Amino acid sequence: MSTSLSLVVAAVDDTVPGVRSVRLVRPDGGTLPGFTPGSHVLVTCGPPGTSAVANAYSLTGDSVAPRAYTISVLRLDAGRGGSRWVHALATGDRVEVTSPRSAFPPVLAARRHLLVAGGIGVTPILSHLRSAVRWGRDVEVLYAHRPGAAAHLEDLRDLAGDALTCLTDRTALGDHLERRLADQPVGTHLYTCGPAGFMDTVTLAARRLGWPDERIHVEHFGVDDLDPGESFEAVLRASGRTVPVPSGTSLLDALEGAGLSVPNLCRQGVCGECRVRVAAGTPLHRDLVLSDAEKAAADTLLCCVSRAADDRLELDL
Amino acid sequence: MNPALELTSVPAWAVRPSTPPCDPAATACTAVAVGAEAVDVATTWLAGAVAPGRLHALASTDEALAVVDAELAEARVGWRLLVAGPLTAVLPLRARALAGGLVDAELSVATTTTDDLLVTCAHCAAVTSAPTHVGGVVPCVGCDRRLLVHHHVSRRQGTFLGYQVDAEQWGTEQWGTGQWETERWEEGA
């Protein structure tokens with residue numbers, strides 16, 4: 001479980017339409033824990049102490065001895081309310097965040113770093129770029145965004161200079177991507193963050209051009225809406241109880257409904273907090289946390305999104 | 001007793017000769033063969049490749065190292081490298097390729113013989129080349145200690161780790177020359 005930090009909004013920036021950048025500081029103005037470039041925090045999107053959605057937001061600022069954590073949040077009116085809550089924050093408001101969590105670190109042995117951002121997926125890419133510039137690493141940035149204002153465009157320009165290419169057209173993006181992926185010195189690592197479809201495009205193009213998976217690094221910032229799934233039974237090994245999980249109800253909701261307390265934060269398959277041990281049965285994994293090997297091992301699952309492949313799952317609970 | 005090979009840093013191809021296939025995802029590939037026998041393996045590997053390939057047939061490890069350096073400097077991501085030859089040649093070649101930024105998926109290693117090993121002495125750091133095997137004992141060319149070949153091969157150096165086989169039998173004749181320790185002991189060091 002990550003340590004919780006109680007921070008205060010020092011400033012908000014709404015320069016780019018639809019995107020709000022928030023600067024969070026410690027109430028005493030002290031230094032915050034440093035973090036690995038590409039890290040995120042889980043922000044409790046509601047008043048402290050209440051049960052509210054926790055969303056993962058990448059840290060965009062300097063990662064060494066930071067005086068502030070800055071996040072940039074795209075407003076999603078059809079979302080679960082987390083981004084709308086961030087867009088309503090005012091200077092001085094309290095915000096609960098976890099300590100930074102790293103799931104998208106730079107490979108320090110890489111000869112070169114190719115950073116590919118799509119839309120608001122620019123946030124962890126900016127963090128990578130800051131670190132690459134600070135340490136004098138060879139870096140190239142591709143930023144695909146809608147025509148007009150784009151989040152952190154000035155920051156990228158200042159840091160990357162000529163190493164930045166902006167693309168606002170889908171065809172131009174495809175062509176440029178193919179060209180650049182085909183012409184990287186061996187030893188280059190690829191990092192991409194953006195909407196799921198965008199990252200699929202980047203990843204598939206890289207694989208087609210012979211990039212091994214070890215060189216491809218992706219950062220998901222949310223899961224698309226999942227289907228309601230089939231109903232199944234969860235058998236709790238400790239008590240022998242059987243908990244029915246109907247279609248449309250998550251395993252986590254069903255367990256909580258049965259009076260169990262399962263540690264959880266994001267409830268959308270990105271944080272890994274609600275991982276439970278599977279004693280028997282085959283999980284149907286739908287999260288973005290477990291590795292392929294961990295999924296294949298079939299001995300744990302994230303109960304907020306994952307379900308049973310068959311009609312029965314035995315849990316070590 | 002040695003643990004199961006797959007739990008150690010010793011690859012299967014370091015224990016018995018091997019002929020890996022070329023990754024079908026490759027967009028370009030190069031085979032570097034040391035010795036006549038390795039050329040056959042390299043030719044087979046290239047024949048199985050979908051992408052255009054190049055074969056370098058070389059007589060010595062040093063020549064092959066120079067070729068690997070030159071290829072690494074030019075190569076783009078998508079490229080795959082095969083190093084083929086005796087174990088004493090392919091281990092240093094693999095080390096050079098990894099140092100140049102290749103990942104395991106981009107590197108195939110084929111051994112034509114695994115009879116001789118390179119062993120780094122944990123005591124004097126000299127590298128001994130000798131016919132032996134994991135668990136075998138060889139005299140160190142640097143300090144004459146009798147080295148037990150440990151089930152560890154360095155990815156960085158391309159050599160096996162060797163240490164004195166009877167290090168815990170104090171004062172026996174089995175100590176190689178034993179000279180250095182005896183002197184230190186007498187000096188009260």
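In which strand of chain B is Leu147(B) found? In this predicted model, Leu147(B) belongs to strand 8 of chain B, a strand that covers residues 146-153. The relative accessible area of Leu147(B) is 0%, so the residue is buried. Apart from residues up to four places away in sequence, Leu147(B) touches a set of residues that includes Val119(B), Cys121(B) and His123(B), then Gly136(B), Val137(B), Val138(B) and Cys140(B), and finally Gly162(B), Tyr163(B) and Gln164(B). Thr111(B) is 36 residues from Leu147(B) along the chain, and the C-alpha atoms of these two residues are separated by 24 Å.

Chain B as a whole contains four helices and nine strands. Read from the N terminus, the order of its elements is β-α-β-α-β-α-β-β-β-β-β-β-α. Of the 189 residues in chain B, 46% are buried. Where contacts join residues at least 6 apart in the sequence of chain B, 59% of them link residues at least 24 apart. The exposed area of chain B is about 9,400 Å², with 54% of it supplied by carbon and sulfur atoms.

The confidence of the prediction for chain B has a mean pLDDT of 89, and 89% of the residues of this chain reach 70 or more. Residues 173-189 of chain B have a pLDDT below 50, and this stretch makes 18 contacts in the model beyond near neighbours in sequence.

Asp166(B) is placed in the loop that runs between strand 9 (160-164) and helix 4 (179-187) of chain B. With 5% relative accessibility, under the 20% limit, Asp166(B) counts as buried. Asp166(B) and Ala28(B) are 138 residues apart along the chain, and 49 Å separates their C-alpha atoms.

Chain A has seven helices and 18 strands. Its radius of gyration is 21 Å, while the globule rule gives 20 Å for 317 residues; the two values are close, so chain A is as compact as a globular protein of that length. Along the principal axes, the C-alpha atoms of chain A fill a box of roughly 65 × 50 × 35 Å.

Half of the residues in chain A, 50% of 317, are buried. Among contacts in chain A with a separation of 6 or more, 65% are between residues 24 or more positions apart. The chain exposes about 14,200 Å², and 50% of this area comes from carbon and sulfur atoms. Chain A carries 31 positive and 37 negative charges, and the mean positions of the two groups are 4 Å apart.

Two residues of chain A illustrate buried positions in a strand and in a helix. His113(A) lies in strand 7, which spans residues 112-118. The relative accessible area of His113(A) is 3%, so this residue is buried. Once neighbours within four places in sequence are set aside, His113(A) is in contact with Pro106(A) and Val107(A), with Arg137(A), Asp138(A), Val139(A) and Glu140(A), and with Thr188(A), His189(A) and Tyr191(A).

Ala160(A) lies in helix 3 of chain A, which comprises residues 153-160. Its relative accessibility is 14%, and Ala160(A) therefore counts as buried. Beyond neighbours within four places in sequence, the contacts of Ala160(A) are with Leu129(A) and Val141(A). From Ala160(A) to Val270(A) the separation is 110 residues in sequence and 30 Å in space, taken from C-alpha to C-alpha.

Positive phi values occur at two loop residues of chain A that are not glycines. Ala65(A) has a phi of about 45° and sits in the loop between strand 4 (54-58) and strand 5 (69-74). Arg267(A) has a phi of about 55° and is located in the loop between helix 6 (251-257) and strand 14 (275-280). At 32% relative accessibility, a value between the 20% and 50% limits, Arg267(A) counts as partly exposed.

Technical notes. Residues are numbered from 1 along each chain as its sequence is written. Chains are lettered from A and ligands numbered from 1 in the order in which they are written. This is a predicted model: local features need pLDDT of at least 70, side-chain atom pairs count only at pLDDT 80 or more; totals for chains, interfaces and linings use all residues. Side-chain values use heavy atoms; hydrogens and water are left out. The radius of gyration is taken over C-alpha atoms; the globule rule is 2.2 Å times the number of residues to the power 0.38. Buried means under 20% relative accessible area, exposed over 50%, partly exposed in between (1.4 Å probe, protein chains only). Contact means heavy atoms within 4.5 Å. Accessible areas come from the Shrake-Rupley method with a 1.4 Å probe; for residues, only the protein chains shown count as cover. Lys and Arg count as positive and Asp and Glu as negative; His and the chain ends are not counted. The place of a charge is taken as NZ of Lys, CZ of Arg, CG of Asp or CD of Glu. pLDDT is the predictor's confidence in each residue, from 0 to 100.
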